[in-house]
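Here is a short tour for a structural biologist who likes to look at strands and their neighbours. Please keep the viewer open while reading.

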Amino acid sequence: MRTLDCGHVALAATSRFCPHLVDVPEDNEVAYHRLLTGHGMEFDLACGECGAAGRLSSPVEVCAGCVDRLIEDGDLLGWRGEPEILERPEPFDPTVSGWSLPPALGEVIDLAAIDDADGSRWLALTADGTIAALDPDGDEITVLATVELVDEPEHQPWGNHPLRRRLHASPCGRFAAVVNDYGRYGRVVDLGRGGVVTLALDGGNYHSNTVPFSLTFAVVDDRPVVVHRTRWNRLDVSDPATGELLTAREIEKTSEQERPPHHLDYFHGRLLCSPGSRTLADDGWIWHPVGEPAVWQLRPWLDGNVWESEDGPTRQRLCYRDYYWDGPLCFVGDDLLAVGGIGDNDETMLPGVRLFDVASGRELTSFAGPAGAWFSDGRRLYSAQHDGLHIWDPLTGHRTGTLPGFTPTCRHRGSGELAAVTDGVLHRWRA
Ligand SMILES: [Zn+2]
Ligand SMILES: [Zn+2]
């Protein structure tokens, strides 16, 4: 061991400093850049001026303690340079099939998979509210229902999030939900009964324009259930066949100043259900605002603890990011959740994966690269990015393939296909 440039007798840390970051007094807040070195996620640290240049002209070696102190106390201005993306190419069939939809169907605005179907069957929502079943291998389209699309004349868009119609399908395909992402309202309909509305959804108007409408279908004892937002800080489970509420509970009324038991200070966001319906993930946020993805188990919620989604023992809060939520999010099997974005706030977020164990809430690994919308078959992570599809090993972080020009919006659990409708054509690729 020797005396490093920071003055400490220690081993040199992997990260180096620009000379201007050495000898900064402890009580002095310092702004810095992270300069990725191109070796994995390794980075050096530079002051504002050196960081703007993009590289360290005269790096100095410092100890791990000095690196930790700067990261802890300093103000991260941003990342520079590129992380290393590990490549481990694996063979795959790049054929993307195309099946033209009849123009009479109208403009398809969303697609959802009928996961339990034999083979490749999908639901499409058109701009006028028609829901049609698509059977591309049987070359058949069946119009099932026309759903009233609820308008929200009072809606105020937040940031770059206009109101967006969104289609969800129960895995069996019998039920669908059409909701207003970044809005307040939606409908659950029974497609087996011509699209009769079984549940009128109202998520409340308290900051509902900041999140996609919280809703996911799940399966409990072979029966579909629908999990949905009923207030900014409340989720419920209902029977999509009857609209019956399965999670009835009342928050006790207390005095104005006092927080009643089970009060949850959390704006529910986009919901995901794990493939086996074991775990739910919620991409919501807390004041002021801080994104805080959370997970909990579905079964205990329905089997006794109606407060499981508020403060149940299986609820885990995974991480905190200032001004950042509604990024990529995807279950990898029932036990792992891939959370998009490496960093602490929206301005310094590096595209990539943080992989969490949902039972313990522990972060297992992280790696840079994947962006866009994510899908997984439990073995691979698929990222649909502006330039096409990228295939990743979520445990090692290796990219195993790319499929340029194909940007799916949806995955079919039964057939293993990824798909999108673009310009009236259903494009499919089988992993
Ligand atoms: Zn400097
Ligand atoms: Zn030191």
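In which sense do strands E7 and E8 pair, and over how many bridges? Strand E7 (residues 108-113) and E8 are antiparallel partners, joined over five bridges. Please bear in mind that this is a predicted model.

**Strand E8 and its partners**

Within the pairing of E7 and E8, Leu-111 has Ala-124 in E8 as its bridge partner. Strand E8 also runs antiparallel to strand E9 (residues 130-135), with four bridges joining the two. Here Trp-122 finds its bridge partner in Leu-134 of E9. E8 and E9 make up a hairpin, and three residues lie between them. In that turn, Gly-129 has a positive phi of about 95°.

Why is strand E8 described as largely enclosed by the rest of the structure? Strand E8 (residues 122-126) has four of its five residues buried, so the rest of the structure largely encloses it.

**A sheet of three strands**

Further along the chain, you can find an open sheet with the strand order E15-E16-E17 and antiparallel pairing. Its edge strands, E15 (215-220) and E17 (234-238), each pair on one side only. On average, neighbouring strands of this sheet are turned by 30° against each other, direction ignored. Strand E16 (residues 223-231) pairs with E17 in the antiparallel sense over five bridges.

The pairings with stated bridge counts and example partners are set side by side here.

| Strand pair | Bridges | Example of bridge partners |
|---|---|---|
| E7 and E8 | five bridges | Leu-111 and Ala-124 |
| E8 and E9 | four bridges | Trp-122 and Leu-134 |
| E16 and E17 | five bridges | His-228 and Asp-236 |

**A closer look at Asp-236**

Is Asp-236, a residue of strand E17, buried or exposed? Asp-236 is buried, because 20 other C-beta atoms lie within 10 Å, and a count of 20 or more is the cut-off for that label. Beyond its neighbours within four places in sequence, Asp-236 is in contact with His-228, Thr-230, Leu-245 and Thr-247. Of these, His-228 is its bridge partner. Asp-236 and Leu-246, ten residues apart in sequence, are 7.4 Å apart in space from C-alpha to C-alpha.

**The whole chain**

Stepping back, the protein chain has four helices and 34 strands. Its radius of gyration is 24 Å, close to the 22 Å that the globule rule gives for 431 residues, so the chain is as compact as a globular protein of that length. The C-alpha trace spans about 75 × 65 × 40 Å along its principal axes. Of the 431 residues, 41% are buried. Among contacts with a separation of 6 or more, 52% join residues 24 or more positions apart.

Conventions:
Residues are numbered from 1 along each chain as its sequence is written. Chains are lettered from A and ligands numbered from 1 in the order in which they are written. This is a predicted model: local features need pLDDT of at least 70, side-chain atom pairs count only at pLDDT 80 or more; totals for chains, interfaces and linings use all residues. Two strands pair if DSSP finds at least two bridges between them. Axes are lines fitted to C-alpha atoms, for helices over the stretch in contact, and angles run from 0 to 180 degrees between N-to-C directions. A residue is buried if 20 or more other C-beta atoms lie within 10 Å of its own, exposed if 12 or fewer, and partly exposed in between; C-beta atoms are placed from the backbone. Two residues are in contact if their C-beta atoms, placed from the backbone, lie within 7 Å. The radius of gyration is taken over C-alpha atoms; the globule rule is 2.2 Å times the number of residues to the power 0.38.
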